[in-house]
Amino acid sequence: MSCFWFCLPLHLLMVACLCHSIKAPTTSSQQSFKTDLFNFYHSLILADGKETTIHLLKDIPKRYYFVLEESRALAPFTVTVTPCDVPIEWSILMHKASASFLGKAARGDPGTREVSKAQKAPTMVSTIFNYKGNSVETYMGMSSHSALYMLEFLSTERDTHITVYLTTDTTSGHLYPELPMDPRIDVIGIGHTTVTLTWKHSPSVLQHRENIQYCLLVNEKHNYKSLCAAETAIRSSGVKVPPTLALSLSPYLLEPQQVMILSNSELSIINKASSGEVRQICMGTKNTYTVPSLSPSTQYYFDVFVVNLLTNASAAYTGTFARTLEEPEPKVTELKDGKVIQIVLDGKKQKFYSLQYQARHKKIQFTFQLCHGQVRVHITKNGKTVVSENIPGLRYFSLKGRLLDTYLVQLRSTEESNSSVKVQVSSHFHKPLFPLLPESLKIKSFSKLRTCNSVTIAWLGTQEESKYCVYKKRLEEDRVWMELQSADRCSGPESRHKSEKVLCKYFYDINLQRAVTTETIKGLDAGTLYLFDVYLFGPSGIPIRYHSKVVKTRKKC
């Protein structure tokens, strides 16, 4: 590199020193100009003992400077550069200068306004370090003479930012936590949804346990070489990270065992693992951790960072990756022709429950009765989907095929709570499992016919004679919602107390417009809530429960 880039900053530094040191009377405008000039060039000087964030524009080099003065003993210094995104190029160049020259510049000696030809000679400039990549890199040097150092940074891929830490004091401790001699992360256990990791303790943890903690980063894309790089990747994906929730953690942001979840829409801190693009778990000073709630047969990348809680500085262990085990094939239950089974589905695990049936006739009919919650059914015939929908209440699916066709039925709860459903497959269409249903299963009450001790309700019937039974139950005001939510729509009158039975009756009407019946329930208490249920019985004896109706009697009549 030509001496031009050192001679120019050397001139600028001298101008800054002159402007700063001249005490002669000046006008206010002259003084303002000199102050601005000094502040501008002073901003190019790296601060000692402080981490500096530097923004780089693509293909535009950026240069910073620092000066080491002559001393009797060797003067150590270190420079640590952390790329926060793409790989960068950076180098350290040194320009030797005599102590008298720097002294004159500091005093504002006019003789320093020009640099001698000898000082412009290329032999005075030397490159002492250069690096290209996206790893955190530290240069440690020693100097026994006065010198001006320049750090040059260049990003050739895109705009980015980096952090730079310069220190000449190597005796008062480290900004960055120390890594062990072997900084690798070991995978000691792999499950279907978990991975267990361990790593060797940082010397900093052993010395300053109360100020140091480990943080683990989990994602499905790649390893990150610094928390700074992880935060940049998250921001570039469109996640808005509040300043107070930056990935460089501090004690009042994350407590041990808390988890930071970052998705495409929001960032939140919760106390257990969840799905998202990047998962960060801080576990204090434990050096073994089992990552929960992973997806089966998925490759994950794991990075461990040791974080100084006082300075927010961190050091990265060597990242690793692991693939969770494949999920075992779900257990398949054989369906028998005409047999009714009831299945309880776990809403938290969101897993499919599988049933299989081999057809002995060309035409078959599947019947599903939703008992509780919300259920989705997926039916395939010889591997091809024929049904995929939610079950509203009672649902029939009549399917045609060939003998020995294989049907696979998969059911799952669409709610976080458990759901329940009854299933039957049959080739005997002339023997229906459930009775013929009316157009609606709603129960209607008549407000004008309500009294202090009676309620009149009505419901629809069908064209075939069927048995209907009415039940009532007294409710407290704060139990209404719970009672309706917990109702099992598949349970029959056998689950009710004998005292709740009101009556049973038979009726039908060939004309569906007139297939409606009413009933007045008497002997009720004034100003009281009651739950009314109607059960419809068909030829098979399996009941269908109408939608429950809650009615309150009048307080005053």
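# Aromatic pairs, loops and a surface patch

By the ring-pairing rule, the count comes to 20 aromatic pairs. The rings of F368 and F397 form one of them, with centres 5.8 Å apart. Their planes stand at 70°, so this pair is edge-to-face. The cut-off for that label is an angle over 60 degrees. The pair links distant parts of the chain. F368 belongs to strand β22, residues 363-372. F397 belongs to strand β25, residues 394-400. The two are 29 residues apart.

Are these two rings buried or exposed? F368 has a relative accessibility of 0%, so it counts as buried. F397 has 7% and also counts as buried. Buried means under 20% relative accessible area.

Another pair is made by Y471 and Y535. Here the centres are 5.6 Å apart. The angle between the planes is 90°, and the pair is edge-to-face. This pair, too, links distant parts of the chain. Y471 sits in strand β30, residues 466-475. Y535 sits in strand β33, residues 529-537. In sequence they are 64 residues apart. Y471 is buried, with a relative accessible area of 6%. Y535 is buried as well, with a value of 0%.

Ring pairs can also join into a cluster. Which residues does it hold? They are F66, F77, W90, F129, Y139, Y149 and F153.

Now step back to the chain. The model is predicted. Its secondary structure comes to six helices and 35 strands. The chain has 557 residues, and buried residues make up 44% of them. Take the contacts between residues at least 6 apart in sequence. Of these, 76% join residues at least 24 apart. The chain exposes about 30100 Å². Carbon and sulfur atoms supply 52% of that area.

Next come the loops. P87 is found between β3 (75-83) and β4 (88-96). Its relative accessibility is 28%, so P87 counts as partly exposed. That label covers values between the buried limit of 20% and the exposed limit of 50%. Which residues does P87 contact, leaving aside neighbours within four places in sequence? They are G133, N134 and E157. P87 can also be compared with L154. The two are 67 residues apart in sequence. In space, their C-alpha atoms are 9.3 Å apart.

A second loop runs between β31 (501-507) and β32 (516-521), and D509 lies in it. Is D509 buried or exposed? D509 is buried, with a relative accessible area of 19%. The limit is under 20%, so this value qualifies. The side chain of D509 reaches the backbone nitrogen of N511 at 2.9 Å. D509 also touches T462, Q463, R514 and A515. That list does not count residues up to four places away in sequence.

The last stop is on the surface. V187, I190 and L325 form a nonpolar patch there. Together they have about 220 Å² of accessible area. One of these residues, L325, is found in the loop between β18 (320-323) and β19 (332-334). L325 has a relative accessible area of 40% and is partly exposed.

Definitions and conventions:
Residues numbered from 1 in each chain as written. Predicted model: local features only at pLDDT ≥ 70, side-chain atom pairs only at ≥ 80, totals over all residues. Heavy atoms only, no water. Helix = DSSP H or I, 4+ residues; strand = E, 2+ residues; numbered from the N terminus. Buried < 20%, exposed > 50% of the residue type's maximum accessible area, 1.4 Å probe, protein only. Contact = heavy atoms within 4.5 Å. Polar contact = N/O pair within 3.5 Å; in protein donor to acceptor, adjacent residues only side chain to side chain. Patch = residues over 30% accessible without salt bridge, like charges linked within 9 Å, V, L, I, M, F, W, Y side chains within 5 Å. Areas by Shrake-Rupley, 256 points an atom, 1.4 Å probe, with all protein chains shown as cover. Salt bridge = Lys/Arg side-chain N within 4 Å of Asp/Glu carboxyl O. Phe/Tyr/Trp six-rings, centres within 6.5 Å; stacked < 30°, edge-to-face > 60°.
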